[in-house]
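Colleague: Please take a close look at a single part of this model and work outwards from there. Which residues does that part touch, and what lies around the rest of the chain?

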Amino acid sequence: MAWRSGGSTNTSLIDNLLRNGLLNSPSLAAAFKSVDRAHYAPTDPYADSPQSIGYRATISAPHMHANAAEALLPYLKPGGKVLDVGSGSGYLTRVFAEMVKPGGKVVGVDHIGELVEMSIQNTRKSEEGAALMVSSVLRFLKGDGRIGLKEEGPWDAIHVGAAAKGLHEELVEQLAKPGRLFVPVEEESGGQWIWVVDKDASGKVTRKREYGVRYVPLTDHPGERT
Ligand code: SAH
């Protein structure tokens, strides 16, 4: 079904995701419509499929972005703070910024410097994207996202766009009370599952295993020894 959500324009892609029940929130749909996926996906930007962006990275399929954003929706509010680990093309990071403005803060972290630069250039393709970066609502940084960004936390929402080996306790520690982590986790069997980790207002943590997925792995920098 997911593969039938593609469209000939950005608007028709999002309308098809809505029609197929892959996207339900009107505020999220408006945010997705305001960001042209063609600024971030080099080929077939309006197909509902992942696309290679070089450096062994992909921009995830639109229905995967929709799932992730829906899962984090209660925490994507004006003034909110969001960390996007493995921000790659910068597309979803930019959509998060649309949700938390005015006054919020979104930081995308990727360990490939060229991709960080690409995400900045992609975002500059629209005046609105450029303005979000000038006002520091949206920033892209190079770094190992597995350790999060403690000095700027706590985060209302943390999205991880690559499959982790575990639930990354450092990221859970950096969640606000309340806050939510969305993370694909690679299991010993080789399969990957989405986990949603919630921290409530008292600091109590609950973990839920959701559905099977296939993401690029969260790794050491390719230039480093493993
Ligand atoms: N959300 C992005 C997904 C990009 S693919 C998008 O839809 O465009 C996953 C990304 O995770 C890649 O860009 C890869 O460089 C990055 N990545 C992998 N391991 C990482 C790590 N340890 N720290 C930061 N980024 C990492």
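Modeller: Leaving out residues up to four places away in sequence, Pro62 touches Leu13, Leu17, Arg37, Ala47, Asp48 and Ser49, where contact means heavy atoms within 4.5 Å. The model is predicted: local features need pLDDT of at least 70 and side-chain atom pairs pLDDT 80 or more, while totals for chains, interfaces and linings use all residues. Residues are numbered from 1 along each chain as its sequence is written, and side-chain values use heavy atoms, with hydrogens and water left out.

Pro62 is found in helix H3; helices (H or I, at least four residues) and strands (E, at least two) are DSSP runs, numbered from the N terminus. Its relative accessible area is 5%, so Pro62 is buried (buried is under 20%, exposed over 50%, partly exposed in between, with a 1.4 Å probe and protein chains only). From Pro62 to Ala131 the C-alpha distance is 24 Å, at a sequence separation of 69 residues.

H3 (62-72) is also one of the elements that supply at least two residues each to the lining of the largest pocket; S2 (57-59), S3 (81-85), H4 (91-100) and S4 (105-110) do likewise. A pocket is an open set of points on a 1 Å grid over the protein atoms alone, with protein on both sides within 12 Å along at least five of seven lines, and lining residues have an atom within 4 Å of a point. The volume is about 860 Å³, taken as the space filled by probe spheres set on the points, which are joined across faces, edges and corners. The lining has 46 residues, and Ala57, Gly161, Ala162, Val216 and Pro217 are the closest to the pocket centre. It divides into 20 nonpolar, 18 polar and eight charged residues; Ala, Val, Leu, Ile, Met, Phe, Trp, Tyr, Cys and Pro count as nonpolar, Asp, Glu, Lys and Arg as charged, and the others, Gly among them, as polar.

Just before S2, the loop between S1 and S2 holds Tyr55 and Arg56. Both have positive phi without being glycine: near 55 degrees for Tyr55 and near 60 degrees for Arg56. Tyr55 is partly exposed at 46% relative accessible area, whereas Arg56 is exposed at 74%.

H4 gives seven residues, the largest share, to the largest nonpolar core. A nonpolar core is a set of buried Ala, Val, Leu, Ile, Met, Phe, Trp, Tyr and Cys residues joined through side-chain atoms within 4.5 Å. This one has 50 residues, of which Leu23, Phe32, Leu76, Phe96 and Phe182 touch the most other members.

H4 also carries Tyr91, and Tyr40 lies in the loop between H2 (26-34) and S1 (51-54), so their ring pair ties together parts 51 residues apart in sequence. The ring centres are 5.7 Å apart and the planes are at 70 degrees, so the pair is edge-to-face (rings of Phe, Tyr and Trp, its six-membered ring, pair if their centres lie within 6.5 Å; planes under 30 degrees apart are stacked, over 60 edge-to-face, the rest tilted). Tyr40 is buried at 3% relative accessibility, and Tyr91 is buried at 1%. Ring pairs join Phe32 to Tyr40 and Tyr91 in a cluster.

In the loop between H4 and S4 lies Pro102, and the peptide bond from Lys101 to Pro102 is cis, with omega near -5 degrees.

Methods
1 Å grid on protein atoms, 1.4 Å probe; cavity = no way out; pocket = protein on both sides within 12 Å on 5 of 7 lines; lining within 4 Å.
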